[in-house]
Amino acid sequence: MHYFNLLILTGQITLIVALGAQEKQPNIIYLMSDDQSIYSIGCYGNIDVQTPNLDRLSADGITFDNHYVSTAICMASRASVMTGMYEYKTGCNFQHGDLTEDKWLWSYPVLLRKAGYLTAFAGKFGFNIIDGPDGKRLPMPERDFDSWGGGEGQTKYKTIANDSMKDYAEEYPHSTLAYGAFGSDFIAQAAQTDQPFCLSISFKAPHKPATPDPRFDAIYAGKTFTKPTNYGRENGKHFSKQSRQDRQYERFESWGYADRYDEVMAIYHQQIYAIDVAVGMLRDAIDAHGITDNTVIIYTSDNGFFCGSHGYGSKVLPYQESTKVPLIIYDPRHTNSGKRLRSDALTANIDFAPTILSLAGLHVPENIDGADLMPLYEDPTANIHETIALINVWGHPATHALAIVTKDMKYIHWPYAAEGFEATDELYLLSKDPHELVNQADNPEYAADIKQMRQYYDEQLANWTKEAVSYNGYQSYSTAFDRNIEWADKFDGFLKEQPESKKK
């Protein structure tokens with residue numbers, strides 16, 4: 001048994017009572033994988049994979065079929081999860097900058113702990129915190145949690161290589177199950193107190209470098225996997241030239257999707273199988289300690305993964321495979337649980353912070369972009385968003401894009417128009433073309449649709465212009481993404497305003 005130092009403050013307990021004496025506050029478990037595609041789970045229709053614990057969670061709770069990450073890369077996505085804000089308001093992404101402390105102090109873990117929740121974090125934290133836009137980098141926020149098993153950077157698959165997790169290395173040498181053990185121990189300790197808890201686990205799996213736990217080598221040995229409908233380069237010829245200018249394109253070949261598909265996917269799914277086992281460990285722990293009836297579980301991923309769809313690898317670009325991810329929520333207190341319900345409402349990673357804070361009965365900060373997901377648990381046919389913005393401002397400038405998605409359509413604007421490029425629009429009718437196989441942007445039959453989507457786009461860009469942080473180069477995108485300004489009039493200024501690391 002591993003033990004934790006649990007900080008219990010009288011002032012915190014008093015605040016809990018003041019915030020919501022009308023009902024007992026729930027325990028909350030937030031689980032997030034890394035680079036997990038939506039088609040990697042049985043409950044999303046993949047008959048080739050084994051995910052019994054996630055499938056049971058889906059059956060017990062509600063599964064969301066239109067859940068997106070607003071930025072499909074880990075650093076920006078995780079900052080949005082913690083704060084409930086779009087990337088241009090967090091100012092946080094690779095090549096741009098870290099999250100400022102003033103924003104971190106309004107994140108859901110900090111607010112929950114101030115309200116008397118016991119909090120724990122394990123796994124890949126994913127971003128750094130600085131004391132101001134041009135300030136010094138602060139240590140990992142271990143001090144802001146009652147129990148800490150987190151790490152900076154990408155963390156390591158070898159448990160012993162993660163300082164905060166070394167106590168688990170002997171029994172669980174691979175980090176995936178070690179995180180399950182950490183969470184189980186925290187649950188055991190927290191269950192002995194009178195305080196609710198929030199446990200957040202960020203699994204490194206199935207992020208590259210692909211390193212599955214060898215104890216599960218037999219699960220997919222010799223397995224042949226069904227390729228998705230949009231697999232291969234022939235199904236990506238209609239994508240913009242801009243989208244082919246970075247590593248997402250070449251990794252179709254260099255990562256083996258072109259010629260070693262079954263081998264690569266067996267490893268990928270083996271890593272997810274280990275996450276599934278860890279989820280089972282956590283559910284066993286809450287059952288064993290008698291707190292199942294008051295523990296809400298949320299499962300998702302920080303972004304998706306192409307896995308060969310359209311002839312691409314990796315993530316980042318605003319297409320379905322990298323931006324649309326799994327989401328399952330189980331609230332045992334609700335009468336809708338156990339009914340295998342699904343929601344096709346449009347949801348996003350910016351919704352987690354307001355959802356978790358609302359579950360705890362806490363005030364949701366006014367500057368949050370997301371919405372509470374739980375009304376959809378009450379009524380799966382309801383909606384909480386009309387549109388969601390999909391952002392990429394990482395990597396080669398050609399791949400920078402702003403997209404708008406609704407339940408039925410997606411519009412992408414690729415503004416880069418330097419020598420050899422032209423600004424490009426794409427429109428996909430997702431309700432009819434879920435695999436994004438036909439770009440309808442130039443189809444006169446859908447002129448009214450693209451006009452509407454461009455209006456949504458312009459409204460989102462206006463929000464960007466008004467609310468973006470004044471640092472890390474985000475204000476310059478108000479010009480770069482403006483459809484009504486010629487590239488020649490914005491190109492030089494746009495590059496001059498980007499962070500130095502981005503010009504390299």
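Let me start with the largest pocket, where helix α9 and helix α10, which covers residues 320–323, each supply at least two residues of the lining. Please keep in mind throughout that what we are looking at is a predicted model. Of those contributors, α9 gives the most to the lining of this pocket, with 3 residues. The space in the largest pocket comes to about 580 Å³, and of the 24 residues that line it, the closest to its centre are Ile38, Tyr39, Tyr44, Pro228 and His435. If we sort that lining by class, we find 9 nonpolar, 9 polar and 6 charged residues.

Now let me turn from the pocket to the cavities. How many cavities of 30 Å³ or more does the structure hold? There are 2 of them, and the largest has about 70 Å³ of space. Its lining is made up of Tyr30, Met32, Arg78, Val81, Met82, Tyr108, Phe121, Lys124, Phe125, Ser200, Ile201 and Ser202. When you look for these in the structure, it may help to go by element, since strand β1 (27–33), helix α3 (74–83), strand β4 (118–124) and strand β7 (197–202) each supply at least two residues of the lining. By class, this lining divides into 8 nonpolar, 2 polar and 2 charged residues.

The second largest cavity holds about 40 Å³ of space, and the residues around it are Pro206, Lys208, Ala210, Tyr257, Val264, Tyr268 and Gln271. Here the classes are 5 nonpolar, 1 polar and 1 charged.

My last topic is the nonpolar cores. As a general point, in soluble globular proteins nonpolar side chains tend to be buried together. In this model the largest nonpolar core has 103 residues, and the members that touch the most others are Tyr108, Phe125, Phe127 and Leu199. Helix α9, which runs over residues 261–288, gives the most to this core, with 15 residues, and you will remember α9 as the element that also gives the most to the lining of the largest pocket. Two of the core residues I just named, Tyr108 and Phe125, are also among those lining the largest cavity.

Which residues does Phe127 touch, not counting residues up to four places away in sequence? They are Met75, Arg78, Ala79, Met82, Cys92, Leu99, Trp104 and Met140, and of these, Arg78 and Met82 also appear in the lining of the largest cavity. Finally, apart from the largest core lies another one, of 44 residues, with Tyr312, Tyr319, Ala401 and Trp414 among them.

Key:
Residues numbered from 1 in each chain as written. Predicted model: local features only at pLDDT ≥ 70, side-chain atom pairs only at ≥ 80, totals over all residues. Heavy atoms only, no water. 1 Å grid on protein atoms, 1.4 Å probe; cavity = no way out; pocket = protein on both sides within 12 Å on 5 of 7 lines; lining within 4 Å. Points joined across faces, edges and corners; volume = space filled by probe spheres on them. Helix = DSSP H or I, 4+ residues; strand = E, 2+ residues; numbered from the N terminus. Nonpolar A, V, L, I, M, F, W, Y, C, P; charged D, E, K, R; others polar. Core = buried A, V, L, I, M, F, W, Y, C linked by side-chain atoms within 4.5 Å. Buried < 20%, exposed > 50% of the residue type's maximum accessible area, 1.4 Å probe, protein only. Contact = heavy atoms within 4.5 Å.
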